[in-house]
Structure formats: structure tokens, C-alpha cells
Amino acid sequence: MAITFPVEASHILMFARAVGDPNPVYNPASAPGGVIAPPTFGQAVAQFDPEYHLRPKPGQPWFGSGKTPSGVDKAPSAGGLHAEQHFEYLRPLRPGDVLTVEIKPGATWEKESKRAGKLTFRERIAEYRDQTGELVLIARGVGVTTERPVDQG
Amino acid sequence: MALSASRIKPGDTHSETVVSNLTRTQIVQYAGASGDYNPIHTDEVYTTKAAGYPSVFAHGMLTMGLTGKMLTNYVGDGRLLKFGVRFTNQVWPGDTLVATATVTEVADLVVKLDVVTTNQDGKDVVRGSAEARIDP
């Protein structure tokens, strides 16, 4: 699957604010040599994935609460959690970049855990290329589905 | 300001408190900016009554982003070559997190770092490593 991800200055500013980072290089009003994106900004490609399953869509049931604790009959019991994330930077992302992000599934493996039962890990590799076709960022994520909620003991 | 190879050595550390008393509102901000609206991060009713957790909790990527702030403050803007973490424990509203980088190697104008972020109980929440370009 390929997603078009236009990098915009206001999005970078919102993202930097969300991670509590007042660094002027993330704000177009104060970046002396121009804005760059913070190191985990590539994750925000989710905004541009038309099918992204963790964004409510008009007219479709949503598993979060409304009148009832979940808007679907069978809520995902524990759901997926993020186990690992790795970034390799070839150059910083900048406003004006129009990235093409190719996402491919990687390895899948299982593990038994005392705190959450059977764990299923799924790897996902995303390659970000700019408008000239140059590879600028590689992201490798590992998601885990747990058999039950993670025990807090 | 970038790091200079002549001024750092293995064992050097840099630590920052990257969030104090994490608020649900900041988690909502992160959901909005990242586009990850999984209700386990922002919807207390869903998370406690349907998903079976004691409260909403932060996106792993919010914790990684907070940790990244410490890294860019240390190595400088646009200097990172690699940054990777494992999410080892959940982060909850009210948590205070300290992120630490420890120099493990300095060679060929690249610094290698161990990265760990811990909560107010001394429990690690992310562990990983990073590499960055440095000046001579």
C-alpha cells in the first residue's frame, strides 16, 4: 500500500506541541533556517491513510464509547499495542515534502507472557520517499496483540 | 548546537524530565496530531468498561516522542541517524518521565547512545538506542 503524505508546517507545529517540545525549529514563526520535523513525526502518516482503522469515520460504527461503553457489539477485548518502533533517518522531513510511503508487512511471531497471555507480534516496514524518489526515512514498527489486558501487578 | 567528538566519551549521560504529571489533555493532543484515535488513549469509559484497563494510557509513540525531545536537545536538530525503542511498560496520566541518553561509542563522527525513559517509580517505559552525526 502506498500513501501520499504531504508534510506541512502547521502539522509539524501541532505534533511538536503534542510531545511537549517548544524547540523553535518546529515553528515557522521562529525557525531561523526553516522548519524540520521532529524525529517521530513520520508516524503521523496515519492522518493520510484513507483506511486507517484507528480514526472514526462518518456513518461507520466506532468501537469507542457513545451511549454505551463501546459502539460495537464485540469490542476488541484487549486490542493491539505497540511493542517496538525503529526509525532510520536519511534526511530530516521538511514542510513542502510530498512523501510517498510504502508500507509492507514484515515478520510475524508468537510468545507466551505471564502478564497478558499469548502475544502475537507483527512487524510493519514503511519506506518514505520524497517527490524526487529519494528514500528519506525508514520506519519499522512491531505491533502486539495480547490474549487479555496487560496485568498491572 | 551539535555535539563535538572531542568533548564526549563513552559513559557520558544526558537526562531530562520530559513530562511532569502527564495529563489526559496532552494524550488527546497527541491523538489529534498523530491521527491515532484508539479510544484506549482518550476514552476513559471505553477503556475501563469495555477494554478492561484501569484508565486510559499514553500512546507508546507519545512516550517515544517525549524521549526524542531529550535526544534532539542533546545531539542537535537534524542530527539523528537512527532511533529505536521497545515499549516496556505503559505510561499513565499523572506519570512523570525522565529520559536519559548514555554514550556507548564515539567513532567516525557518529555517536552511539543507549536510551532509557523511566517513570516516577524508577520503572523503565521505553528502552532503546540511537545514533547521531556529530562534529569533530
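In strand 5 of chain A, Thr145(A) lies opposite Gly80(A). The model that shows this pairing is predicted. Strand 2 of chain A covers residues 80-89, and strand 5 of chain A covers residues 135-146. Nine bridges join these two strands. They run antiparallel.

The two chains were then described one by one. Chain A has one helix and five strands. Read from the N terminus, its elements follow the order β-α-β-β-β-β. The C-alpha trace of chain A spans about 50 × 40 × 35 Å along its principal axes. Chain B has three helices and five strands. Its elements run β-α-α-α-β-β-β-β from the N terminus on. For chain B, the C-alpha trace spans about 55 × 30 × 20 Å along the principal axes.

Strands from both chains meet in one sheet. Ten strands form this open sheet, and the pairing is antiparallel. The order is 1(A)-3(A)-4(A)-5(A)-2(A)-2(B)-5(B)-4(B)-3(B)-1(B). The edges are held by strand 1 (2-6) of chain A and strand 1 (13-19) of chain B. Each edge strand has a single partner strand, so one side of each is left without a neighbour in the sheet. On average, neighbouring strands of the sheet are turned by 20° against each other, direction ignored. In general, strands of a sheet pair through backbone hydrogen bonds, either parallel or antiparallel.

The strand order places strand 2 of chain A beside strand 2 of chain B. Five bridges join these two strands, which run antiparallel. Two of the residue pairs can be named. Glu84(A) has Arg86(B) as its bridge partner in strand 2 of chain B. Glu88(A) has Lys82(B) as its bridge partner in that strand.

Lys82(B) also has a place in the pairing within chain B. It stands opposite Glu131(B) in strand 5 of chain B. That strand covers residues 124-133. Seven bridges join strand 2 of chain B to strand 5 of chain B, and the two run antiparallel. Lys82(B) thus has Glu88(A) as a bridge partner and Glu131(B) opposite it in strand 5 of chain B.

The contact between the chains was examined next. It takes 47 residues from chain A and 44 residues from chain B. Together the chains bury about 3,600 Å² between them. Of this area, 58% lies on carbon and sulfur atoms. On the side of chain B that touches chain A, four elements give two or more residues: helix 1 (24-34), helix 2 (44-50), helix 3 (60-75) and strand 2 (80-87). The residues of this side divide into 22 nonpolar, 15 polar and seven charged.

Polar links across the contact were also counted. Between chain B and chain A, 13 residue pairs are in polar contact, both residues at pLDDT 80 or more. The count of salt bridges between the two chains is zero.

Definitions and conventions
Residues are numbered from 1 along each chain as its sequence is written. Chains are lettered from A and ligands numbered from 1 in the order in which they are written. This is a predicted model: local features need pLDDT of at least 70, side-chain atom pairs count only at pLDDT 80 or more; totals for chains, interfaces and linings use all residues. Side-chain values use heavy atoms; hydrogens and water are left out. Two strands pair if DSSP finds at least two bridges between them. Axes are lines fitted to C-alpha atoms, for helices over the stretch in contact, and angles run from 0 to 180 degrees between N-to-C directions. Contact means heavy atoms within 4.5 Å. Buried area is the accessible area (1.4 Å probe) that two parts lose on being put together, summed over both. A salt bridge is a side-chain nitrogen of Lys or Arg within 4 Å of a carboxyl oxygen of Asp or Glu. A polar contact is a pair of N or O atoms within 3.5 Å; within protein, one must be able to donate a hydrogen and the other to accept it, and residues adjacent in sequence count only if both atoms are side-chain atoms. Ala, Val, Leu, Ile, Met, Phe, Trp, Tyr, Cys and Pro count as nonpolar, Asp, Glu, Lys and Arg as charged, and the others, Gly among them, as polar.
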